[in-house]
Amino acid sequence: MILYDPSARTLTLHTRRTTYQMKADGYGVLLHTWYGPRVDGQDLSYLIGYADRGFSPNPREAAARRDYSLDTLPQEYSTCGVGDYRPASAAAEQPDGSLMLDLRYAGHEIREGKYSLDGLPAFFGGEGWQTLSVRLEDPHSGLAAELLYGVCERYDLITRAVVFTNEGRQPVLLRKAASLCLDLPSANLEFITFDGGHVRERGLNRSLLRPGVQSVGSVRGASSHQHNPFVMLCEPGAGEEHGLVYGAALVYSGNFLAEAERSQFETARLVLGIHPQHFGWSLAPGERFAAPEAAMVCSPDGFAGMTHRWHAAMRECLIRDPLHGARRPVLVNNWEATEFHFTAQRLVEIAREGAALGAELFVMDDGWFGKRDDDRSGLGDWVVNPQKLPGGLNALVRQVNGLGMRFGIWVEPEMVSEDSELYRAHPDWALGAPGRPQTLSRSQLVLDFTRREVRDCIYAALCRVLDSAPIAYVKWDVNRSLADVWSAALPAARQGEVFHRYILGVYEMMDRLRRDYPQILLEGCAGGGGRFDAGMLYYAPQIWCSDNTDAIDRLRIQYGTSFCYPVCAVGSHVSAVPNVHTGRTTSIETRGVVAMSGTFGYEMDLGRCTEAEKQVVRRQIEFFKRHCRLIQQGVYDRLSAPDDAFTAWQQTAPDGTEALASVVWGPVHAAGPFCAVRLRSLAPNKRYRVNGGGELYTGAALMTAGLPLPLPKHDYQAWQFYLQAEE
Ligand code: DGJ
C-alpha cells in the first residue's frame with residue numbers, strides 16, 4: 001500500500017510487515033525517514049536529528065539554519081558535490097566541467113501494478129503490486145530523475161529504479177547512476193557480502209560496519225565470481241530466526257558497486273548500482289537513461305525470514321518459467337566425463353546410461369562446433385563439427401530422443417577465438433582499442449555485443465542450430481572477464497557506455513531467444529557462477545552455480561547462494577570422484593544429497609558407476625522426481641552453517657504437510673557426540689512420521705527439541721529425512 005499524506009508531505013510504502021517512508025521537506029529535499037518493521041499512521045521524520053555540525057555546510061536557501069545540512073540528513077537519493085560527503089547516488093558532469101547534482105522533489109504519482117524497464121530485467125507482477133513514481137529535478141542542470149518504487153506487499157519486497165532525463169538545453173554526462181540509496185539512522189550494523197572467486201563463489205563474509213566506506217563490486221563486465229550484487233545489513237548478532245535484516249539485490253548482470261558507509265554521526269548509508277568506474281553516459285537534451293532495478297527486503301525476523309521472502313518473490317515475480325510449472329528435467333551433462341574429446345557414439349552411450357537410470361535430458365557441452373578440440377579455437381563458429389558429429393546434429397538429437405530423453409546444447413555466444421572463421425572474417429568485432437594488444441583469457445576474445453550487426457550474426461547462427469533439431473535446453477556460458485573495453489562503433493566520448501551497452505546487448509539477445517524459442521529452458525553460466533544474479537534469472541530460470549562440483553565445497557557455495565536465490569535457480573549436479581577440483585572422494589549418496597538442493601543432474605558418465613552405485617542413482621532420481629516440488633518450491637531453511645560439525649538444511653511445504661531435511665557431516669571423529677538438529681517451518685501441532693518410520697513427532701518437538709541424528713560412520717556421510725504429517 002502506498003500512501004501520500006499531503007499535510008506532512010510523506011510518502012509511505014507499506015508491505016505486510018514493513019514500512020518505508022520518505023518526506024519532501026520545506027526545501028524540497030526528499031528525506032528518507034524510515035525503513036523497518038511496520039509503523040502505521042505516523043510521520044516518522046520526528047526521528048531526524050538537527051544540529052549545527054562543524055564542516056557540514058548549509059544549502060544557500062537554508063543558510064539561516066546552521067543545523068540544516070545535506071551532510072547530516074538522511075536522503076532518499078543522495079546528492080553530489082553540494083555538501084554531502086557520503087557516497088553520492090548520482091553524478092552528472094556539465095559541459096563546463098562542473099560535477100554538482102542537487103535533485104529536489106517536484107511531484108509524484110501512485111499507480112496500480114508494477115512499472116517495467118525497457119530492455120532491462122525487472123520484477124514483474126500485476127495484481128498486488130503498486131508503483132510510486134517520484135519526480136526529482138536539478139533546476140541548474142535541467143536533469144530530472146524519476147525514482148520508481150514497486151511495492152509487493154505479500155513478500156515485503158520493494159523494488160527501485162531511476163530514470164534520468166536531460167530536460168536542459170545542454171548535454172550532460174552521467175558519471176554515476178546508482179539504483180538504490182538507503183540511509184539508516186544507526187550504523188551499529190553488520191555488513192554481509194558474498195565473495196570468493198572461480199570455483200569458490202559466494203562465501204558469506206560478515207563484519208561490523210567500520211567508519212568510512214566499505215564496498216564490494218565488479219568491473220569485470222559481469223556481476224562476477226568475486227563478489228555478488230546481493231548484500232545485507234543487519235543488527236549485530238542477527239541470526240536465522242532473530243534480528244532485523246536488510247537485503248538488497250541489484251537486478252543486473254554487469255559491473256556493480258555496493259557501498260556501505262558508517263558516517264561520522266553514526267548513521268549508515270548503502271548505495272547500490274552500476275559501478276561508476278568506466279561508466280559515463282552522454283545524455284543529449286531530451287534523452288533518457290534508465291538505471292537498472294534494485295530490490296530490497298527488510299526482515300524483522302532474521303535471515304530465514306529474509307530468505308523466505310526473496311525465494312518466493314523471485315520464483316513468482318522474477319523467474320519466467322518456460323515449463324509453466326512442470327517439473328524441471330533431471331539432466332546428464334557430458335562435460336566432466338569427456339571435456340572436448342567425444343564422438344557422437346560416446347555421447348549416445350552417456351545418454352543411454354543416464355536414460356536407463358531415469359534421467360530426462362541429455363546436455364552436449366562444449367566442443368561440438370567449429371574446430372574445437374580444446375579451448376584455444378572455434379568460438380564464434382556455431383556450425384556442427386562434422387568430424388565429431390558426422391551424421392549431423394539432428395541425427396544425434398533423434399537418437400537421444402529415441403532413448404526417451406530431451407536434448408540440450410552448450411553455447412558461448414559472447415566470445416570469439418582468434419583461431420576461428422568468424423574472427424578471421426571480422427577481427428574488428430572483438431572488443432579492443434586500436435593499436436593496443438588485446439588481453440586474452442582462456443585464449444579467447446570478447447565480441448562487441450554493443451553492436452547490433454554482431455549480435456544479429458551470432459543470433460542467426462544460433463537459430464540455424466536451434467532450428468536444425470528439436471532442442472529443449474540451452475546452456476549459455478561465458479568464460480572470461482571483459483578487458484580492453486572499447487567499441488569501434490562508438491565515438492571517443494561515448495566509450496564510457498560500452499560496459500553497460502554490452503550487457504544490454506546480452507539481455508536483448510536472451511530476450512529474443514526466449515521469445516523465438518519459448519519452449520527452451522535456458523541455463524545461465526559464466527565459468528560456473530560468475531554471473532549468478534537477479535538480472536540473469538529474469539532470462540535464464542536456472543544458473544550453473546559453480547564449476548566446483550565437489551560436494552563438500554558445494555555446501556559452502558550453495559549455503560551462500562541460498563540467502564537470496566531460490567533452489568530452483570541453482571544448477572547443481574553430481575560428478576565423478578575423486579573430484580577434479582579438490583581430489584576429494586565422497587560417496588554417491590552424499591553427492592546426490594548435495595546436488596538435490598538445486599536443479600539436479602549428473603555431470604559424469606554414469607556407465608562408469610558400479611552396479612551398487614547405479615542402484616543409488618536410480619533411487620536418487622526417483623526420489624527427486626517425487627519430491628521436486630517440495631525441494632524447489634518449498635520454504636527453504638538453513639539449519640546450520642557449513643563450518644559446523646554438520647551442514648543441514650530443510651525444505652518445507654508451505655502448508656506444513658511435508659518437509660525434507662538434509663544433513664551432511666564434516667570429517668568424523670571417533671567417539672563423537674550425539675547430535676540433534678532443530679527443524680523449522682513445520683506446523684507445531686501436526687505429527688510427523690520420519691522416513692516412513694513407526695514413531696510420530698510433533699512439529700513443536702522437532703522444532704524445539706530437534707531430530708536426533710545417527711552417528712556418522714565415515715567422513716561426509718549424508719542423510720535425508722523425509723517428514724510427512726499424519727492426517
Ligand atoms: C565452463 C562451464 O562452467 C563448464 O560447465 C563447462 O561448460 C565449460 N565452461 C565448457 O567450456
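# Reading the labels in a predicted model

Tutor: In this predicted model, the side chains of Thr-19 and His-14 form a polar contact of 2.9 Å. Thr-19 sits in strand β3, residues 18-24.

Student: What makes the Thr-19 and His-14 pair a polar contact?

Tutor: The side chains come to 2.9 Å. The cut-off for a pair of N or O atoms is within 3.5 Å, so the pair qualifies.

Student: Is Thr-19 buried or exposed, and how do you know?

Tutor: Its relative accessible area is 0%. Buried means under 20%, so Thr-19 is buried. Its contacts beyond four places in sequence include Trp-34, Tyr-35 and Pro-37.

Student: Which polar contacts does Gln-21 make with its side chain?

Tutor: Gln-21 is also placed in strand β3. Its side chain meets the side chain of Thr-33 at 2.6 Å. A polar atom of the Gln-21 side chain also lies 2.8 Å from the backbone oxygen of Gln-42.

Student: Why is Gln-21 called buried?

Tutor: Its relative accessible area is 1%. The limit is under 20%, so the label buried holds. Leaving out residues up to four places away, Gln-21 touches Thr-10, Leu-31 and Ser-45, among others.

Student: How far apart are the C-alpha atoms of Gln-21 and Ser-45?

Tutor: They are separated by 8.9 Å, with the two positions 24 residues apart along the chain count.

Student: What does the side chain of Thr-131 reach?

Tutor: Thr-131 belongs to strand β7, residues 129-138. A polar atom of its side chain lies 2.7 Å from the backbone oxygen of Gly-113. The side chain also reaches the backbone nitrogen of Tyr-115 at 3.0 Å.

Student: How do you know that Thr-131 is buried?

Tutor: Set 1% relative accessible area against the cut-off of under 20%: Thr-131 is therefore buried. Among its contacts beyond four places in sequence are Ile-2, Glu-109 and Leu-148.

Student: Why are α9 and α10 called roughly parallel?

Tutor: Helix α9 (residues 551-562) and helix α10 (residues 588-595) pack at about 15°, with axes 10 Å apart. Angles under 35 degrees count as roughly parallel, so these helices earn the term. Their crossing is left-handed.

Student: Which residues make that contact of α9 and α10?

Tutor: From α9 come Ala-551, Ile-552, Arg-554, Leu-555 and Gln-558; from α10 come Thr-590, Arg-591 and Val-594. By class, the contact has four nonpolar, two polar and two charged residues.

Student: What angle do α3 and α11 make?

Tutor: Helix α3 (residues 344-357) packs against helix α11 (residues 611-633) at about 65°, with axes 8 Å apart. Glu-353, Ala-356 and Leu-357 of α3 meet Lys-614, Val-617, Arg-618 and Ile-621 of α11. This contact has four nonpolar, no polar and three charged residues.

Student: What makes His-324 and Ser-681 worth a look?

Tutor: Most residues other than glycine have a negative phi. His-324 has a positive phi of about 50°, and Ser-681 one of about 60°. His-324 lies in the loop between α1 and β20; Ser-681 is in the loop between β34 and β35.

Student: Why is His-324 called exposed, and Ser-681 partly exposed?

Tutor: His-324 has 70% relative accessible area, over the 50% cut-off, so it is exposed. Ser-681 has 28%, between 20% and 50%, so it is partly exposed.

Student: Which peptide bond is cis?

Tutor: The bond from Val-577 to Pro-578 is cis, with omega near -10°. Pro-578 is in the loop between β29 and α10. Most peptide bonds are trans.

Key:
Residues numbered from 1 in each chain as written. Predicted model: local features only at pLDDT ≥ 70, side-chain atom pairs only at ≥ 80, totals over all residues. Heavy atoms only, no water. Axes fitted to C-alpha atoms, helices over the stretch in contact; angles between N-to-C directions. Helix = DSSP H or I, 4+ residues; strand = E, 2+ residues; numbered from the N terminus. Parallel < 35°, antiparallel > 145°, perpendicular 65-115°, else oblique. Left-handed = near helix turned anticlockwise from the far one by under 90°. Contact = heavy atoms within 4.5 Å. Nonpolar A, V, L, I, M, F, W, Y, C, P; charged D, E, K, R; others polar. Buried < 20%, exposed > 50% of the residue type's maximum accessible area, 1.4 Å probe, protein only. Polar contact = N/O pair within 3.5 Å; in protein donor to acceptor, adjacent residues only side chain to side chain.
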